[in-house]
Amino acid sequence: MKEKRRKNVRRPADTRQRGGKDETQAPLFDQQTAPIPPQPHRRPGEMQQMVLPLGAVGMEPLDAQENAPNRRRKKRPDESARRRQVSRGEMRRRRRRRRWLAFFFVLFLMAVGFILSVTVLFKVKHIAVENLDKTTPANTGIYTEDAILGALAVPMEENLFGFSAAQKQAEMELQLPYLETIKVRRRLPDTVVVQVAPATESWCAKTSAGWVILSDGLKVLKVQPDQPDSLPVITGLGVNAPTPGRYLSMTTQDQAEQIADLMDQLYGEGIAEQCTRIDMGLGTEAYFVYEGRVKVLLGTFNNLDYKVSVAALLLKNESGEYLGSTDRGTLDVSSQLDEAVHRFAFSPGSFEQEESEPPPPDAAASGADSAASGSASQSASAPASAAEPSSGSAPASGSEAPASSAPASGPDSTSQSTSQAQ
């Protein structure tokens, strides 16, 4: 038995001397590669001992760690799985809660900003007076900058947003009527800017309160009982109670649009300063007087831009072919044969400056109808007047000639009339 055990035991493969002879030792028993030794026979009912290699029972050898298969780890549930576990109602409640929190946060920031701007920031430290084109020094007309700043009434160190710019502007217009335009602006972080443009006395009109002095833009500068001698007159206006510092208010909306359109055309053609009278003529017989010597009949306000442009061409006489500086008479540019042909005529001699009555307050609804009927009657009577001219005027010549082909010179010249195709 001992001899068997000695044979089964393996020793390291080294060389030892035994009895003067070299003997090679068998290698040790390797349980991974060596076969399982036979087991002794047991009797039935007895426990048997079985020797298995380490790999057979799930134990890994020390030298096989790197080659061991990857063990599967238990995966944790990701974010999507967690979200799937939340109900839709809960997600809606969460979104609603986040929105309300964001709203209250923004509201809080706005409140903090407002409190800071009112108490700490944006204090008025500079007040500037400028022209409308932001140039300085400003042209303040009859007023001084101190008077303008006094009318503004904004003290230093006041909050920049502590007052209404529109309200300040309205108050200054009433206190300073001889300023055509007033604009109050804020310029961050600490400046208030007042932009002004002076007004000049250009027109006058008679009202129930007296004679109103008007600017170029028909702003009421002052009201006086007597008529000024050096200002041109606007008649035929239905005017409400005038207020200095406010623009002239008409009783009818149609007339307000008509006078504004006429002023734009006269200033645009450069003949407004030479006009000595304007009569609205109830919207059907309007006219203006040029330099007190030529009465220009406009008729209705249809095609007003063309009528004024033709009148300016003949009156200014830049080419020297039309009305001279000594011509006196009546220039009629109101005739209109159709939409494409217009007719004008000049009748030398003296003329009368009839003053039409102002329209009644209820003429706003009937103003358009009367203007249309006036233009229709003029269109119907234009051919007859061309065929039978008035006394002292010659028949129309060159009905298809342009306006520039009708020269007129001298006070004794006969009337000239031509037609212009638009």
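This is a walk through a predicted model, from the chain overall to its cores, helix pairs and unusual backbone sites.

Let's start with the whole chain. Its secondary structure comes to eight helices and 15 strands. Of the 422 residues in the chain, 34% are buried. If you take the contacts with a separation of 6 or more, residues 24 or more positions apart account for 52% of them.

Next, the interior. In soluble globular proteins, nonpolar side chains tend to be buried together. In this model the largest nonpolar core has 41 residues, and the members that touch the most others are Phe288 and Leu331. Helix α7, residues 304-316, supplies the largest share of this core with eight residues. Phe288 is a good place to centre your view. Setting aside its neighbours within four places in sequence, Phe288 is in contact with eleven residues that can be taken in turn along the chain: Leu266, Ile271, Cys275, Arg277 and Ile278, then Val294, Lys295, Val296 and Leu298, and finally Ala311 and Leu315. A second core, separate from that one, has 27 residues, including Leu160, Ile182, Trp211 and Ile213.

Helix α7 also takes part in a helix pair worth a look. Its partner is helix α6, residues 253-269, and the two pack at an angle of about 35° with their axes 10 Å apart. The crossing of α6 and α7 is right-handed. Which residues meet here? On the α6 side they are Asp261, Leu262, Gln265, Leu266 and Glu269, and on the α7 side Leu304, Asp305, Val308, Ser309, Ala312 and Lys316. Sorted by class, this contact has five nonpolar, four charged and two polar residues. Leu266 appears both in this helix contact and among the contacts of Phe288, so you can follow it from one view to the other.

Stay with α6 for a moment and find Ile259, which lies in this helix. Is Ile259 buried or exposed? Its relative accessibility is 1%, so Ile259 counts as buried. Beyond its neighbours within four places in sequence, Ile259 is in contact with Leu218, Ile234, Met250 and Met280. You can also locate it relative to Leu237: the two are 22 residues apart along the chain, and their C-alpha atoms are separated by 8.9 Å.

Now turn to another pair of helices, α4 (residues 145-152) and α5 (residues 165-175). Their axes come within 9 Å and cross at roughly 130°, and α4 and α5 are therefore oblique to each other. This crossing is right-handed. From α4, Ile148, Ala151 and Leu152 meet Lys168, Met172 and Gln175 from α5. Four of the residues in this contact are nonpolar, one is polar and one is charged.

Lys168 deserves a closer look. This residue sits in helix α5, and with 15% relative accessibility Lys168 counts as buried, because the cut-off is under 20%. Apart from its neighbours within four places in sequence, Lys168 is in contact with Leu152, Ala153, Val154, Phe163 and Val184. Its C-alpha atom is separated by 8.5 Å from that of Ala151, a residue 17 positions away along the chain.

Finally, have a look at the backbone. Most residues other than glycine have a negative phi, and most peptide bonds are trans. Four sites in the loops are therefore worth visiting with that background in mind. The peptide bond from Thr136 to Pro137 is cis, with omega near 0°, and Pro137 lies in the loop between β3 (126-130) and α4. Another cis peptide bond joins Leu188 and Pro189, where omega is about 10°; Pro189 is in the loop between β4 (179-187) and β5 (191-198).

The other two sites concern phi. Glu157, in the loop between α4 and α5, has a positive phi near 70° although it is not a glycine. At 49% relative accessibility, Glu157 counts as partly exposed. Leu282 is likewise not a glycine and has a positive phi of about 55°. You will find Leu282 in the loop between β10 (275-279) and β11 (286-290), where its relative accessible area of 48% makes it partly exposed.

Technical notes
Residues numbered from 1 in each chain as written. Predicted model: local features only at pLDDT ≥ 70, side-chain atom pairs only at ≥ 80, totals over all residues. Heavy atoms only, no water. Core = buried A, V, L, I, M, F, W, Y, C linked by side-chain atoms within 4.5 Å. Buried < 20%, exposed > 50% of the residue type's maximum accessible area, 1.4 Å probe, protein only. Helix = DSSP H or I, 4+ residues; strand = E, 2+ residues; numbered from the N terminus. Contact = heavy atoms within 4.5 Å. Axes fitted to C-alpha atoms, helices over the stretch in contact; angles between N-to-C directions. Parallel < 35°, antiparallel > 145°, perpendicular 65-115°, else oblique. Left-handed = near helix turned anticlockwise from the far one by under 90°. Nonpolar A, V, L, I, M, F, W, Y, C, P; charged D, E, K, R; others polar.
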